[in-house]
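Work through the exercises below with the structure open beside you. Try each task before you read its solution.

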Amino acid sequence: MVVTGVSEIYCLLADVVDYACTPEEVQQHFQSCGTVNRVTILTDKFGQPKGFAYVEFLEVEAVQEALQLNESELHGRQLKVLPKRTNVPGMKQFRPRRFNPYMGYGFRRPYVPPYFYSPYGYGKVPRFRRPMRYMPYY
């Protein structure tokens, strides 16, 4: 396994961080646990903070100390302090595409000749009949 950048064992996630908090204030809050290397407050595409921060320490023991600060208060909000998890490749959940009414049907079923003679002729179906029920494998 190739590790790029800093290993996750030195980092933790501080959730429910106040939106007005600066990285310096978060660093000061966790300074009692050990030497803070970096604080990253994530922002959305407009530059507004998302409400959580990653805190990176120089020592592994500092991370264990910082986990004791779970449910401590910063700017009047209760922090949730969790160890940073490693993303596992291939764990993204597959979500099938939704049906788009403007695209039509994206699949064609193979032609299967009917077992009986159709009174409407080839390719003709009565307009008053409802479509067939849902068939997921066709």
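**Exercise 1. A residue in a loop**

Task: Locate His75 among the elements of the chain, then decide whether His75 is buried, partly exposed or exposed.

Solution.
- Step 1. His75 sits in the loop that links strand 4 to strand 5 (77-78).
- Step 2. This is a predicted model. In the model, the relative accessible area of His75 is 41%.
- Step 3. Buried requires under 20%, and exposed requires over 50%. His75 is therefore partly exposed, at 41%.
- Step 4. Check the backbone too. His75 has a positive phi, near 60°, and is not a glycine.
- Step 5. Set that against the general rule: most residues other than glycine have a negative phi.

**Exercise 2. A second positive phi**

Task: Find where Glu71 lies, and state the sign of its phi.

Solution.
- Step 1. Glu71 belongs to the loop between helix 2 and strand 4 (73-74).
- Step 2. Its phi is positive, near 65°, in a residue other than glycine.
- Step 3. Now take accessibility. Glu71 has a relative accessible area of 55%, so it counts as exposed.

**Exercise 3. The order of elements**

Task: How many helices and strands does the chain have, and in what order do the elements run?

Solution.
- Step 1. Count the elements: two helices and six strands.
- Step 2. Read from the N terminus: β-α-β-β-α-β-β-β.
- Step 3. Look at burial across the chain. Of its 138 residues, 20% are buried.
- Step 4. Look at contact range. Among contacts with a separation of 6 or more, 60% are between residues 24 or more positions apart.

**Exercise 4. Building the sheet**

Task: Work out the strand order of the four-stranded sheet, then name its edge strands.

Solution.
- Step 1. The sheet is open, and its order is 2-3-1-6. Its pairing is antiparallel.
- Step 2. Each edge strand pairs on one side only; these are strand 2 (36-43) and strand 6 (80-83).
- Step 3. From one strand to the next, the twist averages 25°.
- Step 4. Check the bridges. Strand 2 and strand 3 are joined by six. Strand 1 (residues 11-15) and strand 3 (residues 49-57) are joined by five.
- Step 5. Pick one pair from strands 1 and 3: Ala14 has Ala53 of strand 3 as its bridge partner.
- Step 6. Inspect the hairpin of strands 2 and 3. Five residues lie between the strands, and Gly47 has a positive phi near 90°.
- Step 7. Add the helix. Helix 1 (residues 23-30) lies across strands 1, 2, 3 and 6. It runs at about 135° to strand 2.

**Exercise 5. A buried glutamate**

Task: Which side chains make polar contacts with Glu56?

Solution.
- Step 1. Place the residue: Glu56 is in strand 3.
- Step 2. Its relative accessible area is 5%, so Glu56 is buried.
- Step 3. One partner is Asn37, with a side-chain polar contact of 2.4 Å.
- Step 4. Another is Arg38, whose side chain meets that of Glu56 at 2.6 Å.
- Step 5. Arg38 also stands opposite Glu56 in the strand pairing.

**Exercise 6. The nonpolar core**

Task: Which members of the largest nonpolar core touch the most other members?

Solution.
- Step 1. The core holds 19 residues.
- Step 2. The members with the most such contacts are Leu12, Val17, Val26, Phe30, Val55 and Phe57.
- Step 3. Strand 1, helix 1, strand 2, strand 3 and helix 2 (60-66) each give two or more residues to this core.
- Step 4. Follow Val55. Beyond four places in sequence, its contacts include Leu12, Val26, Phe30 and Val39.

**Exercise 7. Thr43 and the cysteines**

Task: Is Thr43 buried, partly exposed or exposed, and how many disulfides are counted?

Solution.
- Step 1. Thr43 is part of strand 2.
- Step 2. Thr43 is partly exposed because its relative accessibility is 40%.
- Step 3. Beyond four places in sequence, Thr43 contacts Gln48, Pro49 and Lys50.
- Step 4. The C-alpha atoms of Thr43 and Ala53 are 9.4 Å apart.
- Step 5. Turn to the cysteines. Cys21 is buried at 8% relative accessible area, and Cys33 is buried at 14%.
- Step 6. A disulfide needs cysteine sulfur atoms within 2.5 Å. The count is zero disulfides.

Key:
Residues numbered from 1 in each chain as written. Predicted model: local features only at pLDDT ≥ 70, side-chain atom pairs only at ≥ 80, totals over all residues. Heavy atoms only, no water. Pairing = 2+ DSSP bridges. Axes fitted to C-alpha atoms, helices over the stretch in contact; angles between N-to-C directions. Contact = heavy atoms within 4.5 Å. Core = buried A, V, L, I, M, F, W, Y, C linked by side-chain atoms within 4.5 Å. Buried < 20%, exposed > 50% of the residue type's maximum accessible area, 1.4 Å probe, protein only. Polar contact = N/O pair within 3.5 Å; in protein donor to acceptor, adjacent residues only side chain to side chain.
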